[in-house]
Amino acid sequence: MVVEPWLAAAALGVLGLMIGSFLNVVIWRLPRMMEADWRRECAQLHATDQPDPSADVHTSVPPPPGPTFNLWQPASHCPHCQRPLRWRDNIPLLGYLVLGGRCAQCKAPISLRYPLVEVACALVFAHCGWRYGLNVQALAWCGFGAALLTLAMIDLDTSLLPDAITQPLVWFGLVLAAVGVTGTPLLAALWGAVAGYLVLWSVYWAFKILTKKEGMGYGDFKLLGAMGAWL
């Protein structure tokens, strides 16, 4: 069935608003989840390197776990008064406009970035719908755009490019090229990934050898490799 470009753009634009709302959660929570994992790993290494000789390893009880914190829990809430958001407050863009950009309970301002990310994601999705129609190819490129938007915002906040996004992006680019979804030939995708990774890898080592300093993180290599696999 052939769908008019404007209809495909509108449908995917609405989907993009909803996905953009979830991206806001990922952008804020994923770096904090990574930091919590690093703290646990450091604590475990420290405990291993410096064991307490007086501790009874057979009877010692691990500390109680902290509250659950992931992409799903706790529920969305105001960062100022901690009040859980009502379902209508979570409606992408509309909830922000109805609330006037302020918490319904404490009236603290809500960052304008939340609706901007939602709108940006909607525009990316709408563009994919306009260009490719309403099909799997459009959805694949929507996913690529959403991943880049998420990485850009996390990088802006923390200078991190999480492996949880960059590595799957490489493999999805190669797999989807192999089955003909992205429209990029597999051989081009493969060498694009290799070239993308090696270009920045070479720059990294040249800079490190010359200055004895690290100029960029490994996430940059993986991101450019992912872009090579897709583009």
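Q: Buried means under 20% relative accessible area, exposed over 50%, and partly exposed in between (1.4 Å probe, protein chains only). With that in hand, is Trp 191 buried or exposed?
A: Heads-up: this is a predicted model, where local features need pLDDT of at least 70, side-chain atom pairs count only at pLDDT 80 or more, and totals for chains, interfaces and linings use all residues. Residues are numbered from 1 along each chain as its sequence is written, and side-chain values use heavy atoms, leaving out hydrogens and water. Trp 191 sits in helix α6, helices being DSSP runs (H or I, at least four residues) numbered from the N terminus. With a relative accessible area of 55%, Trp 191 counts as exposed.

Q: Which helix gives the most to the nonpolar patch?
A: Patch members have over 30% relative accessible area and no salt bridge, and nonpolar side chains (Val, Leu, Ile, Met, Phe, Trp, Tyr) are joined within 5 Å; a salt bridge is a Lys or Arg side-chain nitrogen within 4 Å of an Asp or Glu carboxyl oxygen. Trp 191, Trp 201, Trp 205 and Tyr 218 are among the members, and together the patch has about 900 Å² of accessible area (Shrake-Rupley, 1.4 Å probe). Eight of its residues come from one helix, α6.

Q: How many residues does α4 give to the largest nonpolar core?
A: Such a core is a set of buried Ala, Val, Leu, Ile, Met, Phe, Trp, Tyr and Cys residues joined through side-chain atoms within 4.5 Å. This one has 35 residues, with Leu 169 and Trp 230 touching the most other members. Helices α1, α3, α4, α5, α6 and α7 each supply at least two, but α4 gives the most, namely eleven.

Q: How far does α3 reach from its first C-alpha to its last?
A: α3 runs over residues 113-132, which makes 20 residues. The expected span is 1.5 Å times one less than the residue count. That gives 28 Å, and the helix comes close to it with a reach of 28 Å.

Q: How far apart in space are Val 117 and Ser 21, C-alpha to C-alpha?
A: Val 117 is in α3 and counts as buried, at 4% relative accessibility. Beyond residues up to four places away, Val 117 touches Gly 20, Leu 23, Asn 24, Ile 27, Leu 149 and Met 153 (contact means heavy atoms within 4.5 Å). Ser 21 is 96 residues away in sequence, yet the C-alpha distance is 7.6 Å.

Notes: Patches are made of residues with over 30% relative accessible area and no salt bridge: like charges are joined within 9 Å, nonpolar side chains (Val, Leu, Ile, Met, Phe, Trp, Tyr) within 5 Å.
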